[in-house]
Amino acid sequence: MSRTNGLTLPVPAPVARAAAPAAAAPGAGSIITLDRVTKVYGANGTRVHALAGVSLSVERGEMVAIMGQSGCGKTTLLNCASGLDDVTSGSVSIAGQDIATLSDKARTTFRAHNMGFVFQTYNLLPVLSAVENVELPLVVSGVSPKEARQRAQAALERVGLRAQGEKRPAQLSGGQRQRVTIARSLVNNPEIVWADEPTGALDSRTADDIITLMETLNEDQGLTFVIVTHDAAVGARCHRIIHMVDGAIVHEERLR
Amino acid sequence: MNELFGIPTVTIMATLVALLGVALATVAAIGVGNRTMFRMAMRNIPRRGLQTVLVVSGLSLATLITTASFVTGDTIDHSLTRDTYRLLGRSDIDITWNGEREFSSDGGAYGDGARAFVSDAVVPALEAHFAGDRDIETFLPFLNRPVAATNQRSQRSTPDVALTGVDAARMDRAGGLRLLSGGTALLGSLRPGEAYLSERAARDLRAEAGDTVTVFASGTTRDFRVAGIVEDELASGVLGLRYSRVPGGLVVPLDEARAVLGLKGNEIDALTVSLRGDARSTVGAGEAAADRIERYLTGEGAGLFAQAGGLESDRTVEVFPVKADLVAQAELYGNMFTTLFLVLGLFSMAAGVMLIFMIFVMLAAERKAEMGMARAVGAHRGHLVQSFIAEGVMYSLLAGAIGVALGAASAFGMTRGLLPLVGGEYFALIEFSMTPVSLVIGYSLGVVITFITVVFASLKVSHVNIVAAIRQLPEESRREARRKTRWAWVAAGVPALVVPPLGLWFIARKGFGLPWAWIVAPSGIALGAVLILAGRAGGVLFPFALGMSIIPLSVAALARYHGVPSRPLWTVTGILLGAYWLLPPGTHDRLFGEFTSDIEMFVLSGIMIVVSFTLVIVFNARLLTRMFSSQGGLMRYAPSAAVGFVAVAAGLAGAIIGERGDGLGQLAYLLAGVVGLAAVLAWSAVRFPALAPAMKMAIAYPLSNRFRTGMTIAMFSIIVFSLTVFSILLANFDSAFLGGDARGNLDIIATANAVEPIPDLAGVADGSGIAGRGAATLPTGATFVRETTSGDAPMPYPVLGADDGFFSSLAPSLDAFATGYGTPAEVLAAVRDGANLALADNAVIGVNYSDRYEWTAEGVQVDDHRFAPFTLEVTNAATGEVRTVTVVGILKATLPADYIGGIYLNERDYAGFAGQPVYSRVYLRLHDAADAETVASDIESALATRGVQAESVTKILRDAGAQSLAFNRMFQAFMGLGLVVGIAGLGVIAFRSVVERRQQIGMLRAIGYQRTTVTLTFLLESSFVAAMGILSGIAGGAVLARNLLTSEAFTEGATIQFAVPWAELVAMAAIAMLFSLGMTWLPSRGASRVPVAEALRYE
């Protein structure tokens, strides 16, 4: 056990990457470990401490919400923890791999094989169909076109959009688009799905559908979700809520 | 450069400067009237360094092109003028009784045939009469005769040197000759047996001062010691501009020359007049002084030359202000170059205007939020327009300065680099020059074009939906509805109809609130109809074809407004437009009647074909994404196999159609190449699956913004189109006029100088591979020709005599022959044995580059190498003999007129027409194994001292080709400048794409795209746009060129085997592609380096 920011967090143990997703209850071992991570933006006297020595551990199969006011560092934390951004100091370990020390190329490959992402603005490619969007991570990972298409269709099946596979994003509703992004995040059988304001652009009913889908995936398939959100209703559906203020974790609520 | 399109350049400059003043005044008014918007505009300029560089570069291109056009004209004008002063020296006026001397032709004014002498007694008589003339200083008599010469020291010989007799006293009074080493060479200081040698002759003989040169003339020899080397000029016996083929001169006093030539003692054959002043200051007085001399010679002194000079009475004495004429001609050539470059540059300028438009659309898109905010806090649309105009003018003022510098540099590179590099010695006279007027015009025109484009672009981009702009949401395109009628505007519009567009605007738009489509489309239809009617009435193609193109575009605009789906609508419009402009040869005439047209049709056809192809591409290229199959198993190869099959089929079709000359086979090969490329891409997408999404995106993304992509494709296409048409036309003309067939079965031409009959070549011929020979007389310069069916006056054209060997042993190829004869051999035999039958060189029917003689036979229709025999009335000016001859064959050889031009009679007919023929030229045909250049060299070295000059026909063609090739390359290089515009446009789009798609780049990187894959994706996008532009340009250009070259109206009867210069086109496409990729490499690389987390951030 160690103390960080006044909180007692479990010390992560190195975890080998699971060969395939398996239903796992929270507490099956830490999959994400941040140790005294700092992130400083700017230079020449205008330095902004976006993360001020954050330590955090997320267990395999856990569904964690990160909440706080705008500018508190939620998205920065997600970016640094997922390897989308470099840390200024500290270490980030995902499934036992210290990703802060990896080259850009190795980190990109690591993300392609181990993580999925869901964004508020969907970020689907408008010129590709839903199924082509979903199979994209597989295609760039060298999976054969046939297998990629099968797995993409399976992923769309999991989010209930198998029948909409050939439609372009513009032909889908907001909720459907977000489901496609979730399918895209699942298609490479990741252990962790990072979601940045996944319901931010949705009405409350659709938002509820999306979070229910995430819950189901978490419970049925043991996927680890780290969700950055403003929405208290989303937070309430997670196992744990981490509250941030000024780049630091100030409070943690374990709900389940 | 003194005028352009008939307008004095000073007037053009004043107008453009005034327009520039309007642009500046507009900005000043904005600065004073709305300081906030002005400050906003100024502060936007330094915001993004790289972008500002790109914008300024893009805006500088119009100025670059106009400046390059004007400076090239300046350089040509200056170089020819300078060479004119060098050539003529103190001679300002030419008094001639042997016809006008063509100093500026490639053959110069030397060897124009038998020249009559007059007595030098005319000189003092003229001097006495003009003793008190305010301008005339002295008269300079000359004697120019070709002789052979050998330098005893270097043992170098030349068959042709102009032995030039000069009146020493008069010449020295006029300033003498100019020594190459500096200083004056006075004829009076020459001792007996001494001569000056001109620079050109010294080079041929490798002679220097002190050498002894032996002259061979009239069967005797005479040694001269070289007293000095003098500059090439008329007075030193060099009778042509620097590029001409005239020989050098050997200058001696008149009496000495006469002695060498065995003359009686008072003959001269040329007379010039020197005016008071130096070589340059006398130009202005030339014309008036020439008039005074001419008035005297046709009035009071009418009999002077006949009486004092001993000239036969039928000879006409003419007076030409030769220096003023040549200087005016230099200006004319300069103007022609500028005009031609400007017309060709219209393609580049059209592309440049599109680029400027795109740049402002890009700037506006980037500042959308700011513009929305400005509108939200109360700025009117007019304020945004003002801001953009102020910014645009500032950019264009800076860009204009850069464009002027780059334009001058481009002109320098073309005239001083490319021309001498490709054309060699021919262009040695080129000296770079630029005038302030040209620079001011180039700058002002560029800035004004940019200003006008910026105003239109600003009006377009200032339309913003405030909420969408602030929130960075896509603009919803809603159909514009008719607004409520405002009668006040209608009332105001009626008097405003004085300026019709303004009045109509007030009434239709402001008053009745009509939507744009209902203003633009009916106006377009009405304008199109008026143009069609005007074109038909005047028989002019330009307005007719423009009207035919505007109408479908206008109708489509209206149909689109009323909800017709855009893809089928614009596709059909594009196809209709393309079908009209690429109608097979002759079809347009059959459908719409005959029209006259000129080079402006090249520009209009280019623009319309590009519009047509671009419409079809931007609305349909998305279908190409279907080639990149996502299916499994063997079926995934189906699309590439299908496309490959089409390519193979097209290739086979090309092979089957073959080289039929109608070009369809070549076009099938082109189609096979393009489709084959698509098949390879489709196969690559299957073989390397990771590429498939990138390829799909590369096509789909650009097409998601059709306007922007269409503009870029059009920019590329229009330039590549013009380059393709130019390349194909030139390659085909060169092949027809300068290729192997152009020899016309001739291998060597041996010519004796004008005073020596041709010696018998039989001795040399033996064992030298000669298969056939024929002899002909040289042009006398005093024969005239006219078609008996025309009412035209007779015009100068050589009438030559040929021996029997010419028609039998030599067997020259015929390009066409008269109906009624079965074979060319029959024709040749008929001319040899018949009476009053003739052959003609092919310039007579307009099939030649040669412009030595103005006359051509207009009434002859050559169809499939056959024509109805036509009769000519030929006149011997010296004897007054007039004959009617029937032309039954056209010679194939497309040599310069100096070598082949003429109407060929058999020797009996010629004897009756012009006296016993003197065969001074021999044409030789060699056995296949013989090397023409070696045989020519053998003949020349054996007979050089007897004045025989022998040249290989292949070499003559090659030399003639080098000059045209150099000019052509210069034109191509100039048009290639336009590619810079297209490439810059692609760069603009690439930079913009990266800005627009940052979030997507972040997402792609997040889900596993490596940096290299991101770079590749963006490069593929740029490649797609560039490839579409390049391929559509090549396709459109190839089809149009094929239609032109297979149209008799265009080739004027010449038979041209249509061929595509594949290597040149592939090289052009590859270079364009390479530079495009180079240009987009930076933004593509930048895209891959976008920090992922930063890219994914959203507000």
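## Worked exercises: sheets, helix crossings and a chain contact

In β10(A), I192(A) has T224(A) as its bridge partner. Before we dig in: this is a predicted model, where local features need pLDDT of at least 70, side-chain atom pairs count only at pLDDT 80 or more, and totals for chains, interfaces and linings use all residues. Residues are numbered from 1 along each chain as its sequence is written, while chains are lettered from A and ligands numbered from 1 in the order in which they are written.

**Exercise 1.** Place the pair β9(A) and β10(A) in its sheet, and work out which strands stand at the edges.

*Solution.* Start with the pair: β9 (residues 192-196) and β10 (residues 224-228) of chain A run parallel and are joined by five bridges. Helices (H or I, at least four residues) and strands (E, at least two) are DSSP runs, numbered from the N terminus, and two strands pair if DSSP finds at least two bridges between them. Next, read the order of this open six-stranded sheet, β8-β9-β10-β5-β11-β12 (chain A), whose pairing is mixed. The edges go to β8 (115-119) and β12 (248-254) of chain A; each has a single partner strand, so one side of each lacks a neighbour in the sheet. From one strand to the next, the twist averages 20 degrees.

**Exercise 2.** Do the same for the sheet that holds β6(A) and β7(A).

*Solution.* This open sheet has four strands in the order β4-β3-β6-β7 (chain A), with antiparallel pairing. Its edges are β4 (48-59) and β7 (97-98) of chain A, and because each has a single partner strand, one side of each is left without a neighbour in the sheet. Zoom in on β6 (residues 89-94) of chain A: two bridges pair this strand with β7(A), in the antiparallel sense. S93(A) stands opposite D98(A) in β7(A).

**Exercise 3.** Classify the crossing of α3(A) and α4(A).

*Solution.* First, the geometry: the axes of α3 (residues 130-140) and α4 (residues 145-158) of chain A come within 8 Å and cross at roughly 125 degrees. Therefore α3(A) is oblique to α4(A). Angles run from 0 to 180 degrees between N-to-C directions, and axes are lines fitted to C-alpha atoms, for helices over the stretch in contact. As for the classes, under 35 degrees counts as roughly parallel, over 145 as roughly antiparallel, 65 to 115 as roughly perpendicular, and the rest as oblique. The crossing is right-handed, that is, the near helix is turned clockwise from the far one by less than a right angle.

Then list who meets whom: V131(A), V134(A) and L138(A) are among the α3(A) residues here, and A148(A), A152(A) and L156(A) are among those of α4(A). The contact residues divide into nine nonpolar, one polar and three charged. (Ala, Val, Leu, Ile, Met, Phe, Trp, Tyr, Cys and Pro count as nonpolar, Asp, Glu, Lys and Arg as charged, and the others, Gly among them, as polar.)

**Exercise 4.** Find which element gives the most to the side of chain B that touches chain A.

*Solution.* The contact takes 27 residues from chain B and 30 residues from chain A, where contact puts C-beta atoms, placed from the backbone, within 7 Å. Elements giving two or more residues on the chain B side are α24, α33 (998-1006), α34 and α37 (1092-1096). The winner is α24(B), with seven residues. By class, this side has 15 nonpolar, eight polar and four charged residues.

Terms used
Two residues are in contact if their C-beta atoms, placed from the backbone, lie within 7 Å.
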